[in-house]
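Reader: I am in my first year and would like to look closely at a single part of this model. Could you take me through its cysteines slowly, with the cut-offs behind each term?

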Amino acid sequence: MKIKLLFSGIAANCLVVAAGAMLTPASIAQTSNSLRSVESFQSISDERARSVALFEEAGKVIQHPRCVNCHPATERPLQGMTMHLHQPPVFRGEGGMGLVGMQCNTCHSEQNTPVIGQADTLKSIPGNPAWHLAPIEMAWEGKTLGQICVQLKDPKRNGDKTMEEIVEHMAHDDLVGWGWRPGDGREPVPGTQEEFGKLIQAWVNTGAACPSS
């Protein structure tokens, strides 16, 4: 049924959604696939410096287009490795789920949907049961890693989460985890969600210090 829908009027727009998120050879070459382990930072004796270094490593995920695209600074989600405005035009809407008549689940189902018989660059439409934009208070677009770090620690801008709840969100949330399994034809964020969660936990354990920029 999902594949059949691709040939409807709405589905034509859905294909544009997926096409905008495909990779280019240049983007693959520019992004590292790995994360350093928490243990590799033990040689940094100064705890604050180690905390900053841990967060900077986690920043390879946080500032990756896969993540920033869903943390836009405007009412429009971003798309693709170039982080261009989502096509077709869609808007945040209530709860970050899109406007009535063009909500996220119009095109994005509960799982990544393979696309067969289309352009070579179009292999799947991304999906997750909780597909939606992050709250505007958690916009990451255009911010430095240091600014994002301060934002993550601020209960007024992080959904009133404690630091342990932030760790839980990063380490186990299924929508966050989509970044490591974004569907055929898309570059995943570096490392694994488990490695990322350990970095965030170690960052918190060492005082959750933020980079200066």
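Author: Let us begin with the bonded pair: Cys149 and Cys210 form a disulfide, with their sulfur atoms 2.1 Å apart, where a disulfide is a pair of cysteine sulfur atoms within 2.5 Å. This is a predicted model, in which local features need pLDDT of at least 70 and side-chain atom pairs count only at pLDDT 80 or more, while totals for chains, interfaces and linings use all residues. Residues are numbered from 1 along each chain as its sequence is written, and side-chain values use heavy atoms, with hydrogens and water left out.

The structure holds one disulfide. Cys149 lies in helix H6 and Cys210 in the segment after H9, so the pair ties together parts that are 61 residues apart in sequence; helices here are DSSP runs (H or I, at least four residues), numbered from the N terminus. The torsion about the S-S bond of Cys149 and Cys210 is about -80°, and therefore the disulfide is left-handed.

As for exposure, Cys149 is buried, with a relative accessible area of 0%, and Cys210 is buried too, at 10%; buried means under 20% relative accessible area, exposed over 50%, and partly exposed in between, using a 1.4 Å probe and protein chains only.

Turning to Cys67, its sulfur has its closest cysteine sulfur in Cys70, 8.1 Å away, which is too far for a bond. Cys70, correspondingly, is in no disulfide. Cys67 counts as buried at 17% relative accessibility, whereas Cys70, at 24%, counts as partly exposed.

Technical notes
Helices (H or I, at least four residues) and strands (E, at least two) are DSSP runs, numbered from the N terminus.
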